[in-house]
Amino acid sequence: MSRLYGPLDDVAGDAGHVEHPPRVGFFTDTSVCIGCKACEVACKEWNAVPSRNENDGAGLDLLGMSFDNTGMLGADSWRHVAFVEQPRRTGHQEPGFAGLPTGPSGIPETAGAVEPRLQEAPRGGSELGTNPLPTGAPEPQELRPTENLGMPGFSRPGDLTGAESRTDFRWLMASDVCKHCTHAGCLDVCPTGALFRTEFGTVVVQQDICNGCGYCVSGCPYGVIDRRQHDGRANKCTLCYDRLGDGLEPACAKACPTDSIQFGELDELRERADRRLAQLHDLGVSEARLYGRDPDDGVGGDGAFFLLLDEPEVYGLPPDPHVPTRDAPAMWKRAGQAAAAFLLAGLAAFVAGGRR
Amino acid sequence: MTGPDPAELPSDAGGSAARSAEMFQGVGRRGRHRRRGGEPTVVPEAEFRSYYGRPVLKAPVWEWKIAAYLFCGGLAAGSSVVAAGADLTGRPALRRSSRLGALGALLASMYFLVSDLGRPARFHHMLRVLKPTSPMSVGTWILSAFGAGAGAAAVEEMVPRRWRRTWPARLLRRLARPLGISAAATAPGVASYTAVLLSHTAVPGWNQVRDELPFVFVGSAAASGGGFGMLCAPVAEAGPARAFAAVGAAGELLASRVMEHRLGLVGEVYREGHVGRLRKASEALTAAGLAGTLLVAHRSRVGAAASGLALLAGSALQRFGVFEAGVASTKDPKYVVVPQRQRVDARNTAS
């Protein structure tokens with residue numbers, strides 16, 4: 001029986017592969033991401049991932065979340081670029097607004113407008129590209145004043161407020177992707193064997209097997225995998241399994257113009273990430289940290305890990321996820337105790353009742 | 001994570017930036033006005049940061065059918081235990097109704113489970129593998145073993161009089177008892193595995209009740225199985241069903257209270273709003289059913305039926321309450337971020 005939790009040196013071997021290639025993954029260095037979304041596009045193109053609203057006719061939504069109109073990872077978006085505008089600088093970097101009045105960040109306003117609507121939305125807005133504004137539904141809207149969503153405008157930042165409101169300024173941009181966990185929650189709970197561990201150590205859904213039970217959706221501690229509407233099957237990043245087989249790098253890494261997304265053997269990527277982290281710390285970017293690199297974390301380390309410039313939750317990532325399978329033995333033990341109590345109650349009821 | 005504690009970050013950004021950083025915290029939440037009993041009160045909310053308030057997790061794709069299955073599966077399990085007991089202790093009316101009830105609940109379960117799949121025509125893909133790490137796979141096989149016994153025992157009850165003499169009917173009659181007992185033997189698995197099914201997820205509202213949920217669910221199953229017997233069988237035969245129902249209802253009430261009591265932040269989703277109302281109604285119905293079972297069900301047919309119905313309704317609402325609580329806990333990033341952030345911070349302070 002394979003291990004349920006903790007560090008694991010040979011994931012593919014643990015899954016039964018013999019003489020397999022080394023484990024591969026992504027190192028996404030968000031400090032050099034420019035938010036071009038080439039990864040999102042390349043992924044959609046190569047993997048023929050449909051636009052979200054394929055069956056609804058429209059492909060584009062404006063989500064009121066800065067430049068992010070994808071929302072989050074899901075069945076129809078296997079890469080997702082997050083945009084966070086912050087009133088501070090990165091390290092000793094010059095924001096480039098010297099002499100210009102730059103207004104306060106619009107993010108609090110945006111979030112304040114988006115958040116309550118999301119919670120009212122179906123599935124709490126965890127549906128990909130959930131529009132935070134009511135669509136279609138006839139509301140007495142003509143009476144409602146226009147709301148400022150903090151969307152990027154055409155005037156220069158601060159033009160309306162003046163230099164006294166100037167703040168420092170930086171963008172956090174990060175391309176999120178399936179983590180291809182060492183202990184993958186989705187893979188563990190899949191009841192059909194549709195999800196499997198490849199010889200490269202990645203986690204892939206076999207579309208001809210998946211029957212859309214939806215267990216993986218709730219099993220993933222990162223909220224990555226989802227069921228595709230109108231199709232009924234679970235979908236997520238395959239780390240371009242087909243390209244790997246041909247010795248090519250995944251489409252997103254190939255398309256990334258700044259090498260923010262780096263593909264390679266996981267061991268080598270981890271070393272590279274450590275060097276990059278040390279370099280950034282030397283440059284005074286003390287807030288830089290690696291996310292998902294540690295094999296001792298709750299999922300045994302991620303196959304796709306990140307260099308972040310703020311807390312993970314700022315990017316929509318869970319700060320300390322763990323694979324639910326960690327507690328499986330304890331849970332079954334409790335269930336066994338409960339089952340015994342149930343049977344005992346039944347026996348006792350009839351023994352006490354006697355024969356008739 | 002190898003990052004430094006954010007509290008130790010040098011304030012290289014200057015004083016005004018610190019003020020603005022404060023403002024940026026608006027992405028998280030500090031407090032919110034809520035109306036409670038007409039009085040506007042500020043409920044201090046956990047401070048946390050998030051990405052535009054977007055949920056971190058995906059809300060379950062499961063619909064109400066899964067909650068309905070949780071109830072029907074429990075009812076089938078409880079009824080099959082009552083049926084086997086009634087069979088062995090000479091209570092034909094209780095046996096007959098419980099066997100039929102178990103089959104009906106089982107068929108409803110199958111319908112709910114299959115129709116909730118994204119690809120219902122592929123339901124049999126569940127039978128490709130037996131996977132110990134997947135409670136759904138384990139449950140599929142438990143349910144298959146249970147279904148064979150419970151189904152055959154119920155079919156025996158439905159053989160028309162004119163076919164009773166034929167050899168298949170006589171064979172079935174001989175096998176009905178051992179098959180019924182096999183169903184009762186697997187019933188505890190059916191009643192309890194669904195708790196692991198829910199808890200073995202990243203959903204905070206289900207994962208964090210993993211210690212108590214099995215007891216809530218088996219209690220609910222026993223209450224509904226016994227309650228069904230009380231509803232359908234004459235008072236004279238239903239003694240053991242009353243005892244089973246009473247023990248189950250008491251266990252369910254107790255375990256449910258303990259569960260709610262032990263929950264931290266995510267306890268909110270169990271207490272507030274729609275879920276809170278569901279759970280209050282469930283508790284009231286189960287308690288009323290329990291009282292009726294103990295006080296009137298042994299002397300009044302109507303009282304027994306009413307108590308049985310109350311127990312069944314209480315059990316059903318319990319399942320819907322727990323199900324909805326989990327769904328609600330995925331919709332607010334708070335329930336994911338806050339406990340995890342506390343863990344990380346505690347670790348950072350320790351090291």
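**Figure 1. A low-confidence stretch of chain A, residues 134-141**. In this predicted model, pLDDT stays under 50 throughout residues 134-141 of chain A. For this stretch the model has one contact beyond four places in sequence. Where pLDDT is low, the predicted coordinates should not be read in detail. Chain A as a whole has a mean pLDDT of 86, and 81% of its residues reach 70 or more.

**Figure 2. The start of chain B, residues 1-43**. Let us turn to the partner chain. Chain B averages a pLDDT of 89, with 87% of the residues scoring at least 70. Over residues 1-43 of chain B, however, the pLDDT is below 50. Here the model has 69 contacts beyond near neighbours in sequence. For the complex, the predictor gives an ipTM of 0.88 and a pTM of 0.88.

**Figure 3. The fold of chain B**. Twelve helices and two strands make up the secondary structure of chain B. Follow the sequence and you will meet them in the pattern α-β-β-α-α-α-α-α-α-α-α-α-α-α. Of the 351 residues of chain B, 57% count as buried. Take the contacts in chain B between residues at least 6 apart in sequence: 74% of them join residues at least 24 apart.

**Figure 4. The side of chain A that touches chain B**. The contact takes 86 residues from chain A and 86 residues from chain B. On the chain A side, the elements that give two or more residues are β2 (79-86), α3 (107-120), α4 (185-189), α5 (215-219), β6 (226-227), β9 (289-291) and α9 (328-353). Look for α9(A) in particular, as it gives the most to this side, with 16 residues. By class, the side of chain A that touches chain B has 41 nonpolar, 26 polar and 19 charged residues.

**Figure 5. The largest nonpolar core**. This core has 194 residues, and those with the most contacts inside it are Cys186(A), Cys216(A), Phe342(A) and Val218(B). Helix α2 (residues 64-88) of chain B gives the most to the core, with 15 residues. Domain 1 (11-60 + 67-97 + 171-322) and domain 2 (331-356) of chain A both give residues to this core, so the core lies between them. The C-alpha centres of these two domains of chain A lie 47 Å apart.

**Figure 6. The surroundings of Cys186(A)**. A good place to zoom in is Cys186(A), one of the residues with the most contacts inside the largest nonpolar core. Leaving aside residues up to four places away in sequence, Cys186(A) touches Leu195(A), Val203(A), Cys216(A), Gly219(A), Cys220(A) and Ile225(A). Among these, Cys216(A) is also listed with the most contacts inside the core.

**Figure 7. Glu19(A), a residue with positive phi**. Phi of Glu19(A) is near 45°, a positive value in a residue other than glycine. You will find Glu19(A) in the loop between α1 (11-14) and β1 (24-29) of chain A. Glu19(A) has 7 other C-beta atoms within 10 Å, so this residue is exposed.

**Figure 8. Lys37(A), with positive phi in a buried setting**. Phi of Lys37(A) is near 65°, again a positive value in a residue other than glycine. Lys37(A) lies in the loop between β1 and α2 (38-47) of chain A. Lys37(A) counts as buried because it has 21 C-beta neighbours inside 10 Å, where the cut-off for a buried residue is 20 or more.

Notes:
Residues are numbered from 1 along each chain as its sequence is written. Chains are lettered from A and ligands numbered from 1 in the order in which they are written. This is a predicted model: local features need pLDDT of at least 70, side-chain atom pairs count only at pLDDT 80 or more; totals for chains, interfaces and linings use all residues. Two residues are in contact if their C-beta atoms, placed from the backbone, lie within 7 Å. Helices (H or I, at least four residues) and strands (E, at least two) are DSSP runs, numbered from the N terminus. Ala, Val, Leu, Ile, Met, Phe, Trp, Tyr, Cys and Pro count as nonpolar, Asp, Glu, Lys and Arg as charged, and the others, Gly among them, as polar. A nonpolar core is a set of buried Ala, Val, Leu, Ile, Met, Phe, Trp, Tyr and Cys residues joined through C-beta atoms within 7 Å. A residue is buried if 20 or more other C-beta atoms lie within 10 Å of its own, exposed if 12 or fewer, and partly exposed in between; C-beta atoms are placed from the backbone. Domain bounds come from an automatic or database domain assignment. pLDDT is the predictor's confidence in each residue, from 0 to 100.
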